[in-house]
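Visitor: I would like to go through this protein step by step, with the reasoning behind each answer spelled out.

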Amino acid sequence: MKVYLDLVFLLNTAFDFLLLTTTSYLLKRNVKLKRIILGSVIGGLSIFLLFLKLNNFTLFIFKIVISIVMILSTFSFKNFKYFINNLIYLYLSSIVLGGGLYLINNEFNYKNYGILFVSNGFGLNIIVLIVLSPLILFFYIKQTRKLKLNYNNYYSTSLVYKNKTYKFTAYLDTGNKLKDQYKKRPIILIYTDKINFSYENGILVPYSTVNGNGILKCIVADKIIIDNEKIIDKPLIGLSSEKFNIEGINMILNNETLEGGK
């Protein structure tokens with residue numbers, strides 16, 4: 001069997017280039033292209049380890065060492081946390097790419113008959129894999145950034161009202177500008193049927209939106225604890241009768257209220 005070392009080296013280098021570029025984009029590392037190329041070439045050279053008589057454990061150690069050298073060559077060393085994050089995201093990108101290509105190849109290469117899977121002798125050629133690889137990593141970058149953007153605004157909160165504690169998953173909405181028209185207090189919105197509104201102890205706050213005007217039923221809670229750290233005393237809570245159109249959210253935080261906590 002013939003093995004074209006130059007082709008294998010270039011292919012391995014190309015994949016390492018994609019992985020390092022993905023890591024750079026995800027972590028917003030400002031590195032020059034030539035450093036990414038240098039790290040990719042170092043990774044490409046690791047293919048020659050396969051021709052050495054090494055046991056699996058030694059080969060595994062060598063691969064880790066090569067990965068570390070790739071990271072240091074590309075991103076340098078600023079501190080330990082910076083280095084570890086680079087290394088982790090390199091491996092995560094590698095797992096996503098390898099798993100994606102493996103899944104796609106199996107979909108084309110196997111047919112199932114009930115619970116049996118039989119190879120049909122067809123596999124994706126190397127050109128197709130090269131084309132698919134950037135697409136897989138592109139969607140990985142896009143989804144990861146979307147998750148980071150969304151979940152950075154998610155908070156675990158505990159609302160204390162009349163000596164009872166209620167748990168909420170909150171979202172910080174910078175567009176929430178609702179305020180009490182009387183005392184100009186910012187309003188936190190919640191959706192729940194566990195808190196009963198009493199006109200005797202409640203507050204009716206008029207509001208205006210693009211969908212029209214209305215009256216919002218509000219209560220003054222004892223406090224809100226955000227992520228077991230930040231405490232907001234006597235927050236004004238608006239009781240919403242409609243669910244929020246955000247996945248898993250039943251509280252909308254007001255940015256002004258959050259800034260006023262302690």
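The conversation below turns from the whole chain to its strands, its surface and its backbone.

Visitor: How many helices and strands are there in the protein, and what share of its residues counts as buried?
Guide: This is a predicted model, and every value that follows is computed from it. The protein holds 6 helices and 11 strands. Of its 262 residues, the share that counts as buried, with under 20% relative accessible area, is 36%.

Visitor: Among contacts between residues at least 6 apart in sequence, what percentage joins residues at least 24 apart?
Guide: The count leaves aside pairs that are not at least 6 apart in sequence. Among the contacts that remain, the portion joining residues at least 24 apart is 61%.

Visitor: In which sense does strand E4 pair with E11, parallel or antiparallel?
Guide: Strand E4, residues 164–173, pairs with strand E3, residues 154–161, in the antiparallel sense over 8 bridges, and one of the bridge partners there is Tyr166 of E4 for Leu159. With strand E11, residues 251–254, E4 forms 4 bridges, and Ala170 stands opposite Met251 of E11. The sense of this pairing between E4 and E11 is parallel.

Visitor: Which residue takes a positive phi in the hairpin of E3 and E4?
Guide: Most residues other than glycine have a negative phi. The hairpin of E3 and E4 has 2 residues between the strands. The residue there with a positive phi, near 55 degrees, is Lys162.

Visitor: Is Phe57 buried or exposed?
Guide: Phe57 lies in helix H3, residues 56–75, and contributes to a nonpolar surface patch of about 460 Å² together with Phe60, Ile61, Val65 and Val69. A residue counts as exposed when its relative accessible area is over 50%. Because the relative accessibility of Phe57 is 59%, this residue counts as exposed.

Visitor: What is the relative accessible area of Lys28?
Guide: Lys28 sits in the loop between helix H1 (5–27) and helix H2 (33–45), and its phi is positive, near 55 degrees, although the residue is other than glycine. Lys28 is exposed, and its relative accessible area is 70%.

Visitor: Where is Lys184, whose phi is near 60 degrees?
Guide: The phi of Lys184 is a positive value in a residue other than glycine. Lys184 is exposed, since its relative accessible area is 52% and the cut-off is over 50%. Its place is the loop between E4 and strand E5 (187–191).

Note on methods. Residues numbered from 1 in each chain as written. Predicted model: local features only at pLDDT ≥ 70, side-chain atom pairs only at ≥ 80, totals over all residues. Heavy atoms only, no water. Buried < 20%, exposed > 50% of the residue type's maximum accessible area, 1.4 Å probe, protein only. Contact = heavy atoms within 4.5 Å. Pairing = 2+ DSSP bridges. Patch = residues over 30% accessible without salt bridge, like charges linked within 9 Å, V, L, I, M, F, W, Y side chains within 5 Å. Areas by Shrake-Rupley, 256 points an atom, 1.4 Å probe, with all protein chains shown as cover. Salt bridge = Lys/Arg side-chain N within 4 Å of Asp/Glu carboxyl O.
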